[in-house]
Each structure stands twice: as C-alpha cells, then as structure tokens.
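Student: I would like to learn how to read salt bridges and burial in a protein model. Could you take me through the general ideas and then the case at hand?

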Amino acid sequence: MVSNCISLGHHLHPHPHKYNHHSLSSLRFHTKAKTHHHVSYTAPSDAHHRSLKHCGWSEHNLSSSRSVNHFGLSRSGVIRPRLSAMTGSEVGDSGYDESQFDPTLTNDDLKPTKPSQRTFSWLDMSSLWIGLVVGVPTYYLAGSLVDLGMAWWQGIATVVAANLILLVPLVLTAQPGTMYGISFPVLARSSFGIRGAHIPTLLRALVGCGWYGIETWIGGEAIFLLLPSHIKNSALSHTLPWLGTSPLEFSCFIVFWLAQLCIVWRGMDGIRKLEKYAAPVLITLTSCLLAWSYVKAGGFGHMLSLSSKLTSAQFWTLFFPSLTANISFWATLALNIPDFSRFAKSQTDQIIGQVGLPVFMGLFTFVGLAVTSSTSIIFGRVISNPIQLLGQIGGLATTLLAILGISLATITTNIAANVVAPANALVNLNPKVFTFGRGALLTAVLGIVCQPWRLLKSSESFVYTWLIGYSALLGPIGGIVLADYYLIKKMKLNIGDLYSLSASGEYYYSKGYNAAAVVALVAGIIPVVPGFLHKVGGLSKISNGFVVVYDNALFFSFIIAGFVYWMLMSRLRTKQSSSSQSLL
C-alpha cells in the first residue's frame, strides 16, 4: 500500500504511475477486505450518523476506515484499487474503474489520459513555451520597462526574475496533471468540490475568452497592415457604422479566426504538432530580424548605452509592481497547466520542458529591446510595434515572411493560452453536450460576439487594465489548489471519487461544494478589490496600503487564500478525527 509519507521527490518520479501500481493479487486482497468489512460492519445509531454527516463524515468513510487505520480516518487521497463485482470491469494500473465514473462528470476529454495518449516529450513541452513566448505582447515587455526608466539589463533581468518565480507554481501545478493524467477542471474538484469546480474553471475561461477575441483581432490587424496600399485605400477599408469596423478589416479578422479554428478542431494532438513544428520557424524568423537590426544599425551600441534614469528608491518602487505584472503575464496558464502536462510522457519531461520558460522569455525580450532600440539609428525614430516595423522595411519577400511570422506567433500563443482552458471548462460544465472541439468552437464564437474591435477602439486602456487585473484575481485559485494538493491531500487523490456524485464521495463535501474553498477564494480577492477599483477609476482615493496590495496582487491573493484554505481544512480534519475517536 502506498505510504502517506512518500516524499515530493518520489512523486516527481519520471514514471508517473509507478507509485500507484497495484498487482492483481493486491487488488483482490483489498476487494475482499472491503467486502468483509461491509458485511460485518454494524451501523452506528441514527444520532451518531447524523452527527458524523454534519461534520462531513460518511458511511463510505466508516465502512472503509477500519481497513485503513485505528483512528477511523480514511487515507485522504489514496487511490483505492477496485474490481467491480457488479460489472466485472477490470481496474486500471492506477486503481480506478472507468465504468464506475458518473456519466454527467466525464467523457473522453475529461477521463484520465492513458499511456498511449501521453505523447508530449520534453521537446514538445519546450516547443509549447517557445510558441507561447514568441509574440507581439512579449516583444514589448522589457522595452516598456526601459521606457519607464530602467537600464536595458534591468528590464530584461526583471522579466527573467518574474518567470523564475513563476516556474515554481508552474511545475507544482503541472505535477498532478502528469501524475494522474487529469485536467485542471478535474483537479479543481479535489479542492472546490465536484460541482464547486465550476467556479474556478469558469473564472479562468472568461479571461481566456476575452483575450482570445482580442488576440485574434490583433492577428487580423497584422494581416491588414501588411496588405498592399492600393487594397488598404480601397472602398472596402471604409468603416461601416453598424459593424463598427471596415469590411476589409473584418475579413482579415475572420480569415485569422478560421485559420485558428482549423487547428483547434484537431484537438490537443493538433495543437502539439502546431507548437512543435512552429517553434523552429519562429526561432529562425526571430534570429533573422535580430541579425538584420544588428547589421543595419552597426551593432547594439545604442541599446547597451541605455543606462538607468532612476534613483535607487525609484527603481525599487518600480521593480515590485513590474515583477508582479510580469508574473501575471503567464499566471493564468500556470493555473491550467495540467491541461497540457497530463499528456506528458513523464514528470522529467514536463519539468525539463518548462524550465526553458525563463530562458525563452529572457532571449525574446532581449530581441524586442535590441531591435526597437536599433530602429532609432536605422529610421531616425523609434518603432516599437513589430508589425509597423516589418511594414516599414517593405518588399514582397519581407511582407510575406512578416505575415507568416506574426500570424504563426499569434496563433501559437492564442490557441494554447486562450482556447484550451475555456474549452475544458465547458466540457467540465456539461460533458454530455460539450467535447473539446465543441468547447473550442464556442470559445471562438464568443471571441466574435464580444466584438474586440469595438472594445479596443473605445477604451483600450480600460480593457487591458480590466483583463490584467482580472487575471491577477485568479491568484487565490492557484493558492487554494496547491494548498489542497500538497498540504491537505499530500499529493494523493482518489481518482474514482473525482468522477463521482455520491454523497459519500471524498470530494462531494456539502452538496458538491467545498465551503472552505469558497471562503478562502473570497478572502483572497477582497484585499485586491479597492486597488482594482482605483485603477479603473471607480474610487478616487484609497489608502497607500491598498495600492501596495494591488501592485502585488498575485502574491497577496495567492498567499492569503492558500493560508485561509489550509487553516479551515486543517481544523475540519481535526474535528473529524476527534469525532471518529469518540465514536470508537
């Protein structure tokens, strides 16, 4: 039987199911043991039963606890091996019987991945991050910090430091995905409850849908800006009042929308292949742009001469909000990384593949900063927008490569970051109706319905402030999920109960919701709200403390929610232990 004291090092083993493997004889032994206790068990009185149900104890816990330990406590999270006497179904190596999964909680996209589905090597995981990193928003990161007064190396160092910090929760959250083959919505059931998992998954999905529409519009704009002048100046480029944009721009948007949809419809394997084959192309095009700027500008002397304009005090005042903003850049993906790591061949593959994130971010932000600073020498003015820069270079070959490169960079980022999470959230919401493909299609349709061209033209700063702020509010969810998995469940999950609506299931809690998780989520969000309202103009004045909390929202909300959840669940488990001892 798996020990409750297996170390984190063991759980990050290259073979994710090694410590969950049970021999057939072991399975038979546990099955017989369960049958024996069920037959010989004498139920407690009604009063005792109601008392135990009140504190979260169940008949299921009682019937299985005697075979577990003398305190009467169920080994929380141990995968219990089962052979179904009713169906005769075989139990997998991980000790669960898929035929016993509730049909309203599962379909082929939500079931734990099988060995044949685990095709992501470390190279595939690295390619995923290259595709995510190489894009227009990342191009601006270090340059924007230099514009605020940092030296060139300080800007790049801030980006790298942020991603080194992010790497810790990224790998920790990915671990259960590889360990058990489960997606983020299924993992969230452990902490928020079978039905309560809809709260974090839909919050994450809303952010994804918003960004999907905006990124798709940006991709369409790239196509539009690189079109020949006589087409851009035609009657088709005149804005239609009822549409809010021109037919030509809208057509470019739809072309980009359809290009993404063709890839998404092929599922995770299609996404894996896109990211894998796009990575070398993006690296080559990025290297060519860097080499061009180096030759044309006569080196990077101008960039290297960009010294800091800040005093020591001013630098640190700017550094921490910038660090938080750069961590928030990939915080949403760090939340649903199990959606990808569940397809990893091993823990080694997912860890090595993700270690490259800080390296890729540092290198690409260096490219963005070096090329942008070179434009002041080459063209006599700074051109920070890479799309405008490529249009300024001109030439048919450059235009075609620019359309290919920018489209590929935007698609690889948008699909992985903004489609997978909403699609899986919709599948989790109603597995009978939604598949991954259908969820992705609805996400794409919502990207059109939100009319990103109106949002960006009417109030660009508000949209970005709102979406970035909203993304930072997802920090509490990460704190709760990690506290639950590592501190409460000790990295042991009962896979069968993650797909069960039984009131005696380990993750059913109270009518499918875990009140402790909801309370912790609210506790993590409340301190951030005043600063957020001040940022969007809802509040004119707030105390400096709330400003500091909002500037570091991800840290504060993550820690507060995780701590509150750990305290509430620890207290509940202590009460359960006391109740079971008094009963015995």
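Tutor: Let us begin with one pair: the side chains of K114 and E98 meet in a salt bridge, with N to O at 3.8 Å, where a salt bridge is a side-chain nitrogen of Lys or Arg within 4 Å of a carboxyl oxygen of Asp or Glu. K114 and E98 both lie in the loop between α4 and α5, 16 residues apart, and the pair links distant parts of the chain; helices (H or I, at least four residues) and strands (E, at least two) are DSSP runs, numbered from the N terminus. This is a predicted model, in which local features need pLDDT of at least 70 and side-chain atom pairs count only at pLDDT 80 or more, while totals for chains, interfaces and linings use all residues. Residues are numbered from 1 along each chain as its sequence is written, and side-chain values use heavy atoms, with hydrogens and water left out.

Student: How many salt bridges does the structure hold, and which side chain meets K111 in one?

Tutor: The structure holds seven salt bridges, and one of them joins K111 to E98, again with N to O at 3.8 Å. Salt bridges that share partners join E98, D108, K111 and K114 into one network.

Student: Are E98, K111 and K114 buried or exposed?

Tutor: Buried means under 20% relative accessible area, exposed over 50%, and partly exposed in between, computed with a 1.4 Å probe on protein chains only. On that scale E98 is partly exposed at 24%, as are K111 at 23% and K114 at 40%.

Student: Which residue forms a salt bridge with D124, and what is the relative accessibility of D124?

Tutor: The partner of D124 is R272, and the closest N and O atoms are 3.7 Å apart. Because R272 lies in helix α12 (residues 267-297) and D124 in helix α5, the pair ties together parts that are 148 residues apart in sequence. R272 is buried at 15%, and D124 counts as buried at 4%.

Student: Where is T173 found, and what does T173 touch?

Tutor: T173 is found in helix α7 (residues 152-180) and counts as buried, at 7% relative accessibility. The side chain of T173 reaches the backbone oxygen of P169 at 2.6 Å. Contact means heavy atoms within 4.5 Å, and, not counting residues up to four places away in sequence, T173 touches L187, A334, L335, I337, P338 and L482.

How values were computed:
A polar contact is a pair of N or O atoms within 3.5 Å; within protein, one must be able to donate a hydrogen and the other to accept it, and residues adjacent in sequence count only if both atoms are side-chain atoms.
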